[in-house]
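Biologist: Please show me the model, and let us then go through its packing by question and answer.

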Amino acid sequence: MSAAVKRSRKRYGHHGKRWKGSRELEVGMEGILITCNMNERKCTAEAFNLLSEYAEELLGPEKLQENTGGSSSDEEAEEEDVEVALKKEVAQLKASGAKQQRRFQAMESGANNVIFIRTQNLESDKLVHHILSDLHTTKKKKSRVILRMLPVTGTCKAFQDDMVKYLTTYLESWFKTPNCATYQIAFKARNSSHNKRDEIIKSIAELVGKLNPNNKVDLTNPELTIIVEVIKTVCCLSVVKDYSLYRKYNVQEVIKEEAPKPDAAAEKTAADQSEQKEEKATNQEEKKGEEENGKKEEVKKSEEVKKNPEDE
């Protein structure tokens, strides 16, 4: 077995194969982005437990539609033509299968230390806000490896023109006249180098200003925060409340007791520490991957030289 294959298996786990049935984050999905610190498997388990607990509080126990057939349907089937009865049964099975989509489904996010939980039949922004509100009030620690939980209520292609076009409609319910609010933009890109942070933030701010000139930027305590998370070629979006109060939606920080308010600079530094640790871990993983890719390129070039000696 080559060294490259061994490295690939060690880096990605699952013996070099994806889990059977796994799917990737893509445009058109809604859900929750969850960041962690080096333990994605445990993070996924914690996320399912936490989300299920609070979803039951808001929506009640999850109910899956079962395909139940009574005696009356059996009697009707006997009277019908056999072919018609079979078609009817197939249609019922398909309808039942479509309704049995679970509330939460784990997906491949496309980035290290980030998982994506796809949601069905619920509003992810309200669910996440409910979780953070309860944790902020009770100060109960309910996870060990989960860091931040960011709702994703819209997705589009991660190119500036596509993002602006999509956001023109997406942001209307919050910022278009007569609606207005103070806001900030929280942008982050992973495994994507074609978007420049300052240009994206500027274009979104211009768009919000066009929707209503009374919308004002507030980097200290905004009413709303526009979250823009780019992973590869997918842009994940949401507009959330209480982003500063709930410590950038960090479930570890939000349960900490409020200390006497320091000066603004010290407060900002404390709030950013957890996020910096998260970014450091992610950057280390990405740097490691780049180094491995560089070594592969060197080996490939040396092999090409051997195969193509200088002309005599």
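The exchange below covers the sheet, the helices on it and the nonpolar cores.

Modeller: This is a predicted model, in which local features need pLDDT of at least 70, side-chain atom pairs count only at pLDDT 80 or more, and totals for chains, interfaces and linings use all residues. Residues are numbered from 1 along each chain as its sequence is written, and side-chain values use heavy atoms, without hydrogens and water.

Biologist: Which are the edge strands of the open sheet?

Modeller: Strands are DSSP runs of E, at least two residues, and helices runs of H or I, at least four, numbered from the N terminus. Two strands pair if DSSP finds at least two bridges between them. The order is β2-β3-β1-β4, with antiparallel pairing. Those that pair on one side only are β2 and β4.

Biologist: At about what angle does α2 run to β3?

Modeller: Axes are lines fitted to C-alpha atoms, for helices over the stretch in contact (heavy atoms within 4.5 Å). Angles run from 0 to 180 degrees between N-to-C directions. α2 lies across β1, β2, β3 and β4, and its angle to β3 is about 35°.

Biologist: Which element supplies the largest share of the largest nonpolar core?

Modeller: A nonpolar core is a set of buried Ala, Val, Leu, Ile, Met, Phe, Trp, Tyr and Cys residues joined through side-chain atoms within 4.5 Å, buried meaning under 20% relative accessible area (1.4 Å probe, protein chains only). This one has 42 residues, and Ile34, Leu127 and Met149 have the most contacts inside it. The largest share, six residues, comes from α2.

Note on methods
Buried means under 20% relative accessible area, exposed over 50%, partly exposed in between (1.4 Å probe, protein chains only).
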